[in-house]
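This briefing introduces a structure to a reader who has not met it before. The points that follow are grouped by topic and may be read alongside the sequence and the structure.

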Amino acid sequence: LLHDTSYLQNEIERVREEKAKTVSDRMKLEEIARASADRLRCDIRDALTVKADLETQIYKVKRRQQEQEEENARLRTYLGKCKDDLDRALR
C-alpha cells in the first residue's frame, strides 16, 4: 500500500508539472499570437496609408494628364488656324 501511495504521489506530481508546463507554453503562444496580431495590425495600417497615398498620386497624375490632353487639343486647334492663316497669306 505504501508503494502504491508513493507511486500515485509521483504520478500526481508529474501530472502537475506537465500541467504547469502546458499552461506556461500556452501563455507563451498567446503572447506570440498577440505580438503577431499587433504587428499585422501595424502592417495593415501602414499598407492602407501607402495605398491612400498612391491613390492620391494616381488621381493627380490622371488629372494632369487630362489637363495636358486638353491643352494639346487647344494647341492643335490653334496651330491649325495658324497654318490656315499662313496658307491664305502665301496665296
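**Briefing on the predicted model**

The side chains of Glu-55 and Lys-51 meet in a salt bridge, with 3.6 Å from N to O. The model in which this contact occurs is a predicted one. The chain has one helix and zero strands. Its radius of gyration is 39 Å, well over the 12 Å that the globule rule gives for 91 residues, so the chain is more spread out than a compact globule.

**Overall form**

- Taken along the principal axes, the box filled by the C-alpha atoms of the chain is roughly 130 × 15 × 10 Å.
- Helix α1 covers residues 2–90.
- A pair of leucines gives a distance along the chain: Leu-79 and Leu-54 are 25 residues apart in sequence, and their C-alpha atoms are 36 Å apart in space.
- Leu-79 lies in helix α1, and Leu-79 counts as exposed because its relative accessible area is 55%, where exposed means over 50%.

**Surface and burial**

- Of the 91 residues of the chain, 0% count as buried; a residue would need under 20% relative accessible area to be placed in that class.
- The accessible surface of the chain comes to about 8,800 Å². Carbon and sulfur atoms account for 58% of that surface.
- Tyr-7, Leu-8 and Ile-12 make a nonpolar surface patch of about 310 Å².
- Within this patch, Tyr-7 is found in helix α1. Tyr-7 has a relative accessible area of 48% and is therefore partly exposed.

**Salt bridges**

- How many salt bridges does a search of the whole structure find? The search finds twelve.
- Glu-55 and Lys-51, the pair introduced above, are four residues apart in helix α1, so about one helical turn separates them. Glu-55 is partly exposed, with a relative accessible area of 44%, and Lys-51 is also partly exposed, with a value of 47%.
- Asp-87 forms a salt bridge with Lys-83, and the closest N and O atoms of this pair are 3.3 Å apart. Asp-87 and Lys-83 are four residues apart in helix α1, which means that they are separated by about one helical turn.
- Are the two partners of this bridge buried or exposed? Asp-87 is partly exposed at 30% relative accessibility, whereas Lys-83 counts as exposed at 51%.
- Salt bridges that share partners also join Glu-11, Arg-14 and Glu-18 into one network.
- Asp-46 forms a salt bridge with Arg-45, the closest N and O atoms being 3.9 Å apart. This pair falls within the 4 Å cut-off and therefore counts as a salt bridge. Asp-46 is partly exposed, with a relative accessibility of 41%.

**Cysteines**

- How many disulfides does a search of the whole structure find? The search finds zero disulfides; a pair of cysteine sulfur atoms would have to lie within 2.5 Å to count as one.
- Cys-42 is partly exposed, at 33% relative accessibility.
- Cys-82 is partly exposed as well, with a relative accessible area of 28%.

Terms used:
Residues are numbered from 1 along each chain as its sequence is written. This is a predicted model: local features need pLDDT of at least 70, side-chain atom pairs count only at pLDDT 80 or more; totals for chains, interfaces and linings use all residues. Side-chain values use heavy atoms; hydrogens and water are left out. Buried means under 20% relative accessible area, exposed over 50%, partly exposed in between (1.4 Å probe, protein chains only). Helices (H or I, at least four residues) and strands (E, at least two) are DSSP runs, numbered from the N terminus. Patches are made of residues with over 30% relative accessible area and no salt bridge: like charges are joined within 9 Å, nonpolar side chains (Val, Leu, Ile, Met, Phe, Trp, Tyr) within 5 Å. Accessible areas come from the Shrake-Rupley method with a 1.4 Å probe; for residues, only the protein chains shown count as cover. The radius of gyration is taken over C-alpha atoms; the globule rule is 2.2 Å times the number of residues to the power 0.38.
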